[in-house]
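Work through the exercises below with the structure open beside you, trying each task before reading its solution.

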Amino acid sequence: MNTPKSNQTPLAGLPKANLIVRFAAIGAVLVGIVGLFAYAGGWLTPRNLTPASLIDTFQKVNGLHPGFRRNHAKGVCISGYFESNGRGVALSRASVFLPGRVPIIGRFSLAGGQPYFADAPHTIRGMAILFKLPNGEEWRTAMTNIPVFSVRTVQGFHDQLLVSAPDPTTGKPDPAKIKTFLARYPETAKAMELIRNHAVSSGFDNSTYNSLNAFRFINASGATVPVRWSMVPVQPFEPISATEPGKSDKNYLFDGLIASIHRHPLQWHLVVTIGQPADPTNDATIPWSPDRQQIDVGTLTVDRVESDDTSPARDINFDPLVLPDGIAGSDDPLLSPRSAAYSQSFTRREGEPKEPGAVSTAETEK
Amino acid sequence: MSTPRPRTQFALQSRILHWLMAVMLLAMLFIGVTMVASLGNYHILVAIHRPLGIMILILAVIRFVNRVCTKLPPFPPTMSRRERFLASSSEKLLYALMFVLPLVGWGMLSAGHYPVVMFGPVHLPPILPTNPTLYAILRQSHTILAFLLFATFLAHLGAVLFHTLIVRDRFLDRMAIWPTRYRKNKS
């Protein structure tokens, strides 16, 4: 016998029925844990909306463009600095608001998952900024030029994505589906009205970019205020009609931005709006009252432009919940899903081979 | 008193570390698998996952030092050679995963150009350079290694339950947090 001594058939001591019960108990424990694990991982509820299924929907609507962001696929990268005037210190203890400069890196983009589509004046414009704080913390924010967001929830966002997709037979979104969608999401119908009525500017350089979601600022004594913020351009507003593009230039908005940055650095004021109890923090489709207190906390200067192909900003996830101490998310139900979806998009594209972007290095250097 | 009674339990600090980390690792596995499938709870779960992972890494170091410095109780006679081999191998694998999983997580965030936020302004420095491909590989590895940890945990739990309930050799007593009586030498 090469087994250690006293290893006498221990199973023999139990009646068969008892033994079966004991084996069944062990099996039940193990199967139960595996079942809970599978449930937690969403494998038992495959119809639920998850980060993966949301990004799958983007891919279904836009086609698969490996290596590109699943939304805001077309863009150019920028860098510069933010100069705080110190007026934000009373609101937030984040070191970005101490008087002085912090470097920034960022990206201008157009909404949509197609990296090579032609610029159009009414496509939503995005400005994403990463503030590099002196102690190594970061503040990332992804803003757009619309006054409110079109949906309140991630389910609404997903459904909107589906109904806005062109019908294969007509090449246009199906009006009946849109009608049903708007009936189900009345807040979107109202928000779309506001979005349609806001004055769109001629280019990226003279657009105002809004945080859309609400956040919280926490100051040194722990006092918290709800906020939304905007980047308000120093460049004077011009309406779109004045600079309609020639149809030949598919990148006319980006080329305009590039030319503008090459002429002189572009600037925006970071304006923080303080919410009052009546202002919803959990609904990005509703504007806050226009008479709310607004504080200009500093100036963003953009003095360099680079293509997606060469800038490190291509490989940055502008997750709106990467925040420094002193800035926190609110109860806005879109914030966590945004973070999750951006992460899913980031993980997918970082593992894929990279193609050159539509706005080339030759264009950004000209 | 020169007749040393054979020790059948792990040292007290070893038992405490075992159960503390068992709870943390299992919580970590469930948080991890939940957060990647979650939209609404993603952010809060990630905010827990990161510092909890680093706490596990710190405890893994302490536990490893303790493992090297303390004497183990002998295997019970009810374990065959093959079982002893499997038990030792899976122990090594579990130790390796306790180190590797948090390090891969930390490295993956570093390679992905993320700040490694712990809590408030406290964050860790990157341990790897920013690199998209490296990020993608580490991100994938993190998932695979987590499944391996879960599978190893199930095997470990199954083996302990088998010994405790079927072989009935009071196997679980070795790791019980409370002191257990020495077994009478009943053949």
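**Exercise 1: two unusual backbone angles**

B:Arg170 lies in the segment that follows H4 of chain B. Since this is a predicted model, the angles discussed here are computed from predicted coordinates.

Task: Determine the sign of phi at B:Arg170, and decide whether B:Arg170 is buried, partly exposed or exposed.

Solution: Begin with the backbone, where phi of B:Arg170 is near 55°, a positive value in a residue other than glycine. Next, count the surroundings: 16 other C-beta atoms lie within 10 Å of B:Arg170. A residue is called buried at 20 or more such atoms and exposed at 12 or fewer, so B:Arg170, with its 16, is partly exposed.

Task: Carry out the steps for A:Leu212, asking where it is placed and whether it is buried or exposed.

Solution: A:Leu212 sits in the loop between strand S5 (209-210) and strand S6 (215-218) of chain A. Its phi is near 65°, again a positive value in a residue other than glycine. With 22 other C-beta atoms within 10 Å, A:Leu212 is buried.

**Exercise 2: the buried side of a helix**

Task: For helix H2 (residues 51-62) of chain A, compare the span with the expected one, and find on which residues the burial falls.

Solution: The helix has 12 residues and reaches 17 Å from its first C-alpha to its last, which is close to the 16 Å expected at 1.5 Å a residue. Within H2(A), the buried residues include A:Pro51, A:Leu54, A:Ile55 and A:Phe58. These residues cover an arc of only 95° around the axis, and therefore they lie on the same side of H2(A). Among what covers them are helix H3 (154-164) and helix H7 (335-350) of chain A, together with helix H2 (42-69) of chain B. Just after the helix, A:Gly63 takes a positive phi of about 85°.

**Exercise 3: the makeup of chain B**

Task: Describe the order of elements in chain B, then examine its strands and its helix H1.

Solution: Chain B comes to 4 helices and 2 strands, and from the N terminus on these run α-α-α-β-β-α. Strand S1 (residues 116-119) and strand S2 (residues 122-124) of chain B pair in the antiparallel sense over 3 bridges, with B:Val117 standing opposite B:His123. They form a hairpin with 2 residues between them, and B:Gly120 in the turn has a positive phi of about 50°. Turning to helix H1 (residues 12-35) of chain B, one finds 24 residues and a reach of 34 Å, close to the 34 Å expected. Its buried residues include B:Leu25, B:Met28 and B:Ile31, and what covers the buried residues of H1(B) includes helix H1 (16-40) of chain A as well as H2 and helix H4 (132-167) of chain B.

**Exercise 4: where the chains touch**

Task: State how many residues each chain gives to the contact, and which element supplies the largest share on the side of chain B.

Solution: The contact takes 37 residues from chain B and 44 residues from chain A. On the side of chain B that touches chain A, H1, H2 and H4 of chain B each supply at least two residues, and H4(B) gives the largest share, 13 residues. By character, the residues on that side of chain B divide into 19 nonpolar, 14 polar and 4 charged.

Terms used
Residues are numbered from 1 along each chain as its sequence is written. Chains are lettered from A and ligands numbered from 1 in the order in which they are written. This is a predicted model: local features need pLDDT of at least 70, side-chain atom pairs count only at pLDDT 80 or more; totals for chains, interfaces and linings use all residues. The expected span of a helix is 1.5 Å times one less than its number of residues. The arc is that of the directions from the helix axis to the C-beta atoms. Two residues are in contact if their C-beta atoms, placed from the backbone, lie within 7 Å. Two strands pair if DSSP finds at least two bridges between them. Ala, Val, Leu, Ile, Met, Phe, Trp, Tyr, Cys and Pro count as nonpolar, Asp, Glu, Lys and Arg as charged, and the others, Gly among them, as polar.
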